[in-house]
Amino acid sequence: MSTPEERIGELGLELPEVVAPLASYVPTARTGSLVYTAGQVPMVKGELTLTGKVGADVTAEQAAEQARICALNAIAALKAEVGELSRIVRIVKVVGFVASSPDFHGQPQVINGASDLLGEVFGDAGKHARSAVGVAVLPRDAVVEVEVIAEVA
């Protein structure tokens, strides 16, 4: 069985640098065996890759790809906190926020972009509880924001 880091490579991805906080918070907070990530927006090399509202400016498919980037950023934050990703026992919960036009109702399908990546990287340990919430606006006009709670050994 390959490690989560190896699976990331097999997917043709590489872990980015941890996204610097955009305000007064830290990228992760640990209490006991749980690590909470701050909300991750789809930053790539310090820039948002897409902005706008799903259902108006952005398609659900584009937004799902943005959620995947958010999940990769969350994985990078987790790795920075715990060292080796194999120390993650399971992904406990994912909360996803989707900047949505008033008539868009596909938030769960958008956040599948994040959930699917977590499953690909962590296997059964990537199965999690989840919320997918539509919101009017996100920081810097990001399309999605994802936060993750992970249990570590």
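Two strands count as paired if DSSP finds at least two bridges between them. In this predicted model, one such pair is β5 and β6: strand β5, residues 88–99, is joined to β6 by 7 bridges, and the two run parallel. Take G96 as an example: the bridge partner of G96 in β6 is A132. Strands of a sheet pair through backbone hydrogen bonds, either parallel or antiparallel.

The pair belongs to an open sheet of 5 strands, and the pairing in this sheet is mixed. Reading across the sheet, the order is β1-β2-β7-β5-β6. The edges are formed by β1, residues 28–31, and β6, residues 129–135, each of which pairs on one side only. On average, neighbouring strands of the sheet are turned by 15° against each other, with direction ignored.

Helices pack on this sheet. Helix α2, residues 60–82, touches β1, β2 (34–37), β5 and β7 (144–152). The direction of α2 makes about 35° with that of β7. Helix α3, residues 107–122, lies across β5, β6 and β7. Relative to β5, helix α3 runs at about 155°.

One residue of helix α2 can be followed in detail: N73. Is N73 buried or exposed? Buried means under 20% relative accessible area. N73 has 2% relative accessibility, so it counts as buried. Which residues does N73 touch, leaving out those up to four places away in sequence? They are P16, V19, Q40, V41, P42 and M43.

Notes
Residues numbered from 1 in each chain as written. Predicted model: local features only at pLDDT ≥ 70, side-chain atom pairs only at ≥ 80, totals over all residues. Heavy atoms only, no water. Helix = DSSP H or I, 4+ residues; strand = E, 2+ residues; numbered from the N terminus. Axes fitted to C-alpha atoms, helices over the stretch in contact; angles between N-to-C directions. Contact = heavy atoms within 4.5 Å. Buried < 20%, exposed > 50% of the residue type's maximum accessible area, 1.4 Å probe, protein only.
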